[in-house]
There are 2 protein chains.
Amino acid sequence: MKTLVLVGHPEYDNSQTAAFLRQAQVDLNMVDWQVLQPTSSFDTMTEQQRLMKYDRIILQFPMYWYSAPAIMKQYLDEVLTVNFVDVRRDGCLRGKELGIVVTLGDPLKDYQSGGREDVSLSELLKPYQAIAHKAGMRFLPSFPVAQFAYMTPQAKQQLLIDYRGYLANSNFDTFKGQQSWYLQQLAYFKSQLSPEKQSQLSIIMDYLDNNAQQLDELNWELALIKKEEDE
Amino acid sequence: MKTLVLVGHPEYDNSQTAAFLRQAQVDLNMVDWQVLQPTSSFDTMTEQQRLMKYDRIILQFPMYWYSAPAIMKQYLDEVLTVNFVDVRRDGCLRGKELGIVVTLGDPLKDYQSGGREDVSLSELLKPYQAIAHKAGMRFLPSFPVAQFAYMTPQAKQQLLIDYRGYLANSNFDTFKGQQSWYLQQLAYFKSQLSPEKQSQLSIIMDYLDNNAQQLDELNWELALIKKEEDE
């Protein structure tokens, strides 16, 4: 699976959050990172050809007045022609995935009915979901990063892990998908360690693998019980 | 009541719809019409001072990928500073009205759950409603103009009347408000007619005025009946 992260951020060079996320994915070979640069107009053909190369397209931006900054909108307005997008006209994005990484200055709990903003993120992101719908793309659950500056080191570490999964794990939104992806990632890191550390990591990986198998067995039994209930 | 129509339209000079709407309001003294011109950045102070002069602010734009074109977003990003908007920080827009005139290339019925777009206009316009909420403004019901090119002359005439009301009638969303506003408008036109036509129009206006009074009496009786039911 190949992923493109399109970053639309007018203050990219000054953003700690953007720098952290950039660093978090820099070693992922199947992920490309493209920062939108101010321009009078984007080259429609070049950008369309780029988009076609990827399976997962991520729009990453800070929330500016409840949607993407103008530069991201300019990109969408100029690059997404109707014939390129509309699945009813054999558009070229069909079957791909569209994800949204949105950074927020306010806590996530503000974004709900009755919360300070009185509107949910899901509601605010409807225009992007509508693009995915038009294009016959799968719209992924969004990936919000709220108040990065106030996060504890542990929370940042968790963010790093989750973010890498959102970009590169084809099955990031199930527990089983996360589990097998972590094991793959550990196998990759293992090859870079000293022999002594390798054998330590092997023990941890065996333990995780064993857990995964136990969980599979439990799920299988559970499925059997549910099936009997239905009969 | 003073109204500002802010037009964000990358193809303004070629748009029949924009030209029609421009013409429809040109004689309304209390309405100002401002077309956003491409610029590397808007002058924040000048634009903020302009906004403060109006009671009703209308954002008018063609729907581009389910939201305003990039130029309108650039205006919002650059002109609406947090201190200027946020009602909790004594923002300057409190109590004003925010309206949206949105032109659509597809029929309005596409914009509903189960429709072709599978999303409603109200959902798509949530980001603008959220700005109004943040600013302590009243968010008006939106004014969609769908498929202008296919409208009959009668439909265009109705559009013209409704659009003028949306811009200039402080009470456009009740029947009574529409009625009294039409009478005001007719009184204004009357002064420009020949004496003979004036007396003809007077007869029509008396008839309308009479109808309005009858309706008031009926409403009054209805209110009385409802009140008795409650007791």
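A salt bridge, as used here, is a side-chain nitrogen of Lys or Arg within 4 Å of a carboxyl oxygen of Asp or Glu. This is a predicted model, in which local features need pLDDT of at least 70 and side-chain atom pairs count only at pLDDT 80 or more, while totals for chains, interfaces and linings use all residues. Residues are numbered from 1 along each chain as its sequence is written, chains are lettered from A in the order in which they are written, and side-chain values use heavy atoms, leaving out hydrogens and water.

**View 1. Salt bridges between chain B and chain A.** Four salt bridges cross this interface by the rule. In one of them, the side chains of A:K126 and B:E123 come together at 3.8 Å, N to O.

**View 2. The side of chain B that touches chain A.** Here 29 residues of chain B are in contact (heavy atoms within 4.5 Å) with 29 residues of chain A. Together the chains bury about 2500 Å², with 62% of it on carbon and sulfur atoms; buried area is the accessible area (1.4 Å probe) that two parts lose on being put together, summed over both.

**View 3. The two-fold axis.** Let's see how the copies fit: a turn of 180° and a shift of 0.0 Å along the axis lay chain B on chain A with an RMSD of 0.0 Å, superposed by least squares on the C-alpha atoms of residues with pLDDT of at least 70 in both. The two copies are therefore related as by a two-fold rotation axis. In chain B, B:A70 has the C-alpha nearest the axis, 2.5 Å from it. Both copies use the same surface, as 100% of the contact residues of chain B recur in chain A.
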